[in-house]
Amino acid sequence: MEPIYNFSAGPAVLPKEVLQQARDEMLDWHGSGMSVMEMSHRGKEFMSIAARLEADLRELAGIPANYKVLFLSGGASSQFAMVPMNLVRGKKSANYINTGQWSTKAIKEAKKYCAVHVAASSEDANFTYAPTQDKWNIDPDGAYLHYTPNETIGGVEFNWIPDLSGTDMPLVADISSAFMSRPLDVSRFGLIYAGTQKNVGPAGLCIVIVREDLIGTTVSGTPTMFDYKIHADNDSMYNTPPTYAMYITGLVVEWLKQKGGLQAMEKINLAKARLLYDFLDTTDFYHCPVAKPDRSRMNVPFTLKDPALDEGFLKQARTHGLIQLKGHRSVGGMRASIYNAMPLEGVKVLVEFMKEFANNHA
């Protein structure tokens, strides 16, 4: 059978080796006689899975000891509320950078719990760039500054970390679609959160990495399940966590270690992105709307010169084993998500098909 290359933005492609291991362990995990999805989350078998996941994650991502790692349900979107509930800490407002739909949703939710100061926005150009920090207008009294390093839908990425040195303002990031795709200095952040269904696992799990001193004070009326300290004090076992998603994520983290870690993965991801963008920049048949310095390594949006060709493009792409290339319904066009598990060969096949399609419709 011809290989299938899945460019879905999430839930996304997983490493074949991980899926094969999960298949082999489906009915009987390590002689336990149980599938992981049948295990008690407090049993010794699953507790060992959870412990290894956290240890490997801390090692691979270089997470300092004074940060808690939480494994939560609700996806990254729950964090739009949990962040202000936990991090406002008696202040009246918080700073947000608006660079696309996920930033916009985070802002909308935060307004329920505090005043939101939009310190910068790229809405003036339909969210096609990342505002440079010299253009930001940060409220110094804000409780924190929140930004989205990679906007999955628009394909805009901050290829730099905001500098809040000289302040005690925590930096908060929704890093869902760039998580574990490159090395990251966690100590620069007060909190980062990521849905796992892009680069490191299946849907259903959100990983929160938060500095210890930032937890313990919530806004009045915060539900127990939305209190970071409750989850930290209970090792993410206050309720039943998404156990199978944690197991698969643990396998992906092991796979990343076997691949050489995040520095090695960054080189591969750069090569994939460069191959696709270099082609896009040599043709007027396709167009990438994102400003060149702010192009995402993970999510590459592009349009065809004639939108009437879109359906034909997608149909023919499928015959070449290239699936899930349709752009988000809010922006249209195409989008190729090239996360960790997408091999370089998949991007090569995509570029060759795009060349062929363009030549046939010139």
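Which backbone nitrogen lies 2.7 Å from a polar atom of the side chain of Glu157? The first view answers this, and the others tour further parts of this predicted model.

**View 1. Glu157 and its surroundings.** Glu157 sits in strand β7, which covers residues 156-157. The backbone nitrogen in question belongs to Arg297, and it lies 2.7 Å from a polar atom of the Glu157 side chain. Is Glu157 buried or exposed? Its relative accessible area is 2%, so Glu157 is buried. Look around the residue and you will find contacts that come from several parts of the chain: leaving aside neighbours within four places in sequence, Glu157 touches Ala130, Pro149, Asn150 and Arg182, as well as Asp294, Arg295, Ser296, Arg297 and Met298.

**View 2. The seven-stranded sheet.** Here you can trace an open sheet of seven strands with mixed pairing, in the order β2-β10-β9-β8-β5-β3-β4. Its edges are β2 (67-72) and β4 (115-121), each of which pairs on one side only. Going from one strand to the next, the twist averages 20°. Helix α3, residues 79-87, lies across five strands of the model: β2, β3, β8 (171-174), β9 (191-195) and β10 (206-211). The helix runs at about 160° to β9.

**View 3. Strand β3 between two partners.** Let us zoom in on β3, residues 93-98, which runs parallel to β4 and is joined to it by six bridges. Two of the facing pairs are easy to pick out: Ile97 stands opposite Ala120, and Tyr96 has Val118 as its bridge partner in β4. With β5 (residues 145-147), strand β3 also runs parallel, this time over two bridges. Which residue of β5 is the bridge partner of Tyr96? It is His146, so to speak the counterpart of Val118 in β4.

**View 4. The covered faces of β3 and the helix that follows.** How many of the six residues of β3 are buried? Six of six are, and the strand is mostly covered. On one side you find Ser93, Asn95 and Ile97, and on the other Ala94, Tyr96 and Asn98; both faces are covered. Follow the chain onward and you can see a right-handed β-α-β unit, made by β3, helix α4 (residues 101-110) and β4.

**View 5. Lys198, a lysine with an annotation.** The unreviewed UniProt entry places the feature "modified residue: N6-(pyridoxal phosphate)lysine" at Lys198. Where is this residue found? Lys198 is in the loop between β9 and β10. Its relative accessibility is 11%, and therefore Lys198 counts as buried. A polar atom of the Lys198 side chain lies 3.0 Å from the backbone oxygen of Ala9. Apart from neighbours within four places in sequence, the residues in contact with Lys198 include Ala9, Gly10, Ala12 and Val13, and also Thr152, Ser176, Ser177 and Tyr339.

**View 6. Strand β14 and its partner β12.** Strand β12 (residues 299-304) pairs with β14 in the antiparallel sense, over four bridges. One pair to look for is Val300 with its bridge partner Ala336 in β14. Strand β14 spans residues 334-337 and is covered on both faces: Met334 and Ala336 are buried on one side, Arg335 and Ser337 on the other.

**View 7. Asn340, in the loop after β14.** Asn340 lies in the loop between β14 and α9 (344-360). Why does Asn340 count as buried? The reason is its relative accessibility of 3%, because buried means under 20%. The backbone oxygen of Met180 lies 3.0 Å from a polar atom of the Asn340 side chain. Beyond neighbours within four places in sequence, the contacts of Asn340 include Phe179, Met180, Ser181, Asn199 and Trp255. Leu256, Met265, Asn269 and Lys272 are also among them.

**View 8. Lys135, an exposed lysine.** Lys135 lies in the loop between β4 and β5. With 60% relative accessibility, Lys135 counts as exposed. The side chain of Lys135 makes a polar contact of 3.5 Å with the side chain of Asp134. Lys135 and Ser121 are 14 residues apart in sequence, and their C-alpha atoms are 9.5 Å apart in space.

Conventions
Residues are numbered from 1 along each chain as its sequence is written. This is a predicted model: local features need pLDDT of at least 70, side-chain atom pairs count only at pLDDT 80 or more; totals for chains, interfaces and linings use all residues. Side-chain values use heavy atoms; hydrogens and water are left out. Buried means under 20% relative accessible area, exposed over 50%, partly exposed in between (1.4 Å probe, protein chains only). Two strands pair if DSSP finds at least two bridges between them. Axes are lines fitted to C-alpha atoms, for helices over the stretch in contact, and angles run from 0 to 180 degrees between N-to-C directions. Contact means heavy atoms within 4.5 Å. A crossover is right-handed if, with the strands pointing away from the viewer, the path from the first strand over the helix to the second runs clockwise. UniProt positions are given in the numbering used here, feature names are shortened, and annotations may be inferred rather than shown by experiment. A polar contact is a pair of N or O atoms within 3.5 Å; within protein, one must be able to donate a hydrogen and the other to accept it, and residues adjacent in sequence count only if both atoms are side-chain atoms.
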